[in-house]
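Hi everyone, thanks for making time. Please pull up the model on your screens, and we can walk through it together.

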Amino acid sequence: MAIITGGGRGIGAAAGEMLAAAGASVVLTARSEDQVEAAARQIRRAGAQAIAVPCDVTNPEQIEEVVEAALTQFDRVDILVNNAGIIWPVEQVYEADPEEWAYNIHCNLVGPFQMVRNVLPVMIGQEYGRIVNVSSGAAENVMPGWSAYCAAKAGLNMLTRCLASELQADGVPGVTVNALAPGMVDTEMQADVRSIDTHDSSLDFSRFHEAHLQGALLSTESAARLIYWLVGPWSRGRSGQIFSRSDAQWLEQVELDLA
């Protein structure tokens with residue numbers, strides 16, 4: 001049974017469909033009730049089990065409701081994919097709105113922490129669980145204007161490592177946590193970034209336009225395959241790692257395992 005945040009569209013919706021096709025029951029959650037219900041309905045039409053639970057991951061009470069709904073419906077939580085995230089604000093630090101900047105941190109870092117905190121007792125009790133935090137290369141690369149997003153994703157990577165270390169120290173080998181940096185993916189979020197008028201901006205977004213024009217954006221289905229590998233038997237024994245699409249050797253292993 002899998003909980004996927006940001007499950008109404010993009011990577012989250014694609015991962016939901018892929019995990020459901022593999023036999024998992026799925027709880028999809030996102031802020032947009034219409035989108036997340038449509039994604040869950042699509043999975044049910046394919047003959048799998050899925051429910052939609054609207055949730056803003058910056059709201060701890062709503063997060064608790066998601067986990068409660070999952071347990072009520074399916075009795076367990078085997079997989080958590082922390083995929084919900086936002087990019088904005090994309091501005092120089094001295095121009096950024098403090099509330100928008102803080103909301104980014106809450107969505108991209110505090111939200112995953114709250115989700116993990118709620119599902120971990122269940123996973124530890126089961127002696128089994130797979131947690132995947134969807135991160136970004138922005139965690140490692142300086143991107144002017146992206147201070148909130150870069151800081152949040154860097155924090156998410158460190159949260160991943162710290163949590164894995166704690167689980168190892170507590171002797172809970174059946175529960176693993178890893179992060180995934182899928183690179184630039186063909187999502188609405190990427191389209192939003194390309195909508196910025198770079199002629200009027202002091203920030204450079206040319207790399208996103210170039211990747212789009214060159215057809216270099218990863219499909220959401222391909223990103224979902226990477227998540228599928230991470231929550232499947234192929235990742236057994238691997239925890240606290242940051243997996244990246246830039247790792248050609250790992251990608252080759254994924255393709256061999258999922259062939």
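I'll start with the overall make-up, then take the sheet, two helices and the cores.

First, some ground rules. This is a predicted model, where local features need pLDDT of at least 70 and side-chain atom pairs count only at pLDDT 80 or more, while totals for chains, interfaces and linings use all residues. Residues are numbered from 1 along each chain as its sequence is written, and side-chain values use heavy atoms, with hydrogens and water left out.

So what does the secondary structure come to? Nine helices and seven strands. Those are DSSP runs, numbered from the N terminus, with helices being H or I of at least four residues and strands being E of at least two. Of the 259 residues in the protein, 49% are buried. Buried here means under 20% relative accessible area, exposed means over 50%, and partly exposed is in between, with a 1.4 Å probe and protein chains only. As for contacts, meaning heavy atoms within 4.5 Å, take those between residues at least 6 apart in sequence: 70% of them join residues at least 24 apart.

Now the sheet. The seven strands form an open sheet with parallel pairing, in the order S3-S2-S1-S4-S5-S6-S7. Strands count as paired if DSSP finds at least two bridges between them. At the edges sit S3 (50–52) and S7 (242–244), each pairing on one side only. From one strand to the next, the twist averages 20°.

Let's look at some individual pairs. S1 and S4 (residues 79–82) run parallel and are joined by three bridges; Ile4 has Val81 as its bridge partner in S4. Helix H5 (residues 147–169) packs on the sheet and touches S5, S6 and S7, and its direction makes about 160° with that of S6. For that angle, axes are lines fitted to C-alpha atoms, for helices over the stretch in contact, and angles run from 0 to 180 degrees between N-to-C directions.

S5 and S6 share six bridges and run parallel, with Gly129 partnered by Val175 in S6. Add the helix, and S5, H5 and S6 make a right-handed β-α-β unit. Right-handed means that, with the strands pointing away from the viewer, the path from the first strand over the helix to the second runs clockwise. On the other side of the pairing list, S6 and S7 are joined by three bridges, again parallel, and Leu180 has Phe243 as its partner in S7.

Why is S6 described as largely enclosed by the rest of the structure? Because seven of its seven residues are buried. Val175, Val177, Ala179 and Ala181 are buried on one side, and Thr176, Asn178 and Leu180 on the other.

One residue of S5 deserves a stop: Asn133. At 1% relative accessibility, Asn133 counts as buried. Beyond its neighbours within four places in sequence, Asn133 is in contact with residues including Asn82, Leu156, Asn178 and Leu180.

On to helix H1, residues 10–21. With 1.5 Å a residue, its twelve residues should span 16 Å, and the end C-alpha atoms are 17 Å apart, which agrees; the expected span is 1.5 Å times one less than the number of residues. Among its buried residues are Ile11, Gly12, Leu19 and Ala20. The buried residues of H1 pack against S1, S2, H2 and H8. After H1 comes Gly23, with a positive phi near 110°.

Helix H8 holds Trp229, which is buried with a relative accessible area of 1%. Trp229 and Asp257 are 28 residues apart along the chain, yet their C-alpha atoms are separated by 8.1 Å. Setting aside neighbours within four places in sequence, the contacts of Trp229 include Trp234, Phe243, Trp250 and Asp257.

That leads to the cores. In soluble globular proteins, nonpolar side chains tend to be buried together. A nonpolar core here is a set of buried Ala, Val, Leu, Ile, Met, Phe, Trp, Tyr and Cys residues joined through side-chain atoms within 4.5 Å. The largest one has 35 residues, and Ile4, Leu28, Leu180, Ile227, Trp229, Leu230 and Trp250 touch the most other members. Which element gives the largest share of this core? H8, with seven residues. Apart from that core lies another, of 30 residues, among them Cys55, Val77, Ile86 and Val175.

That's my tour. Thanks for listening!
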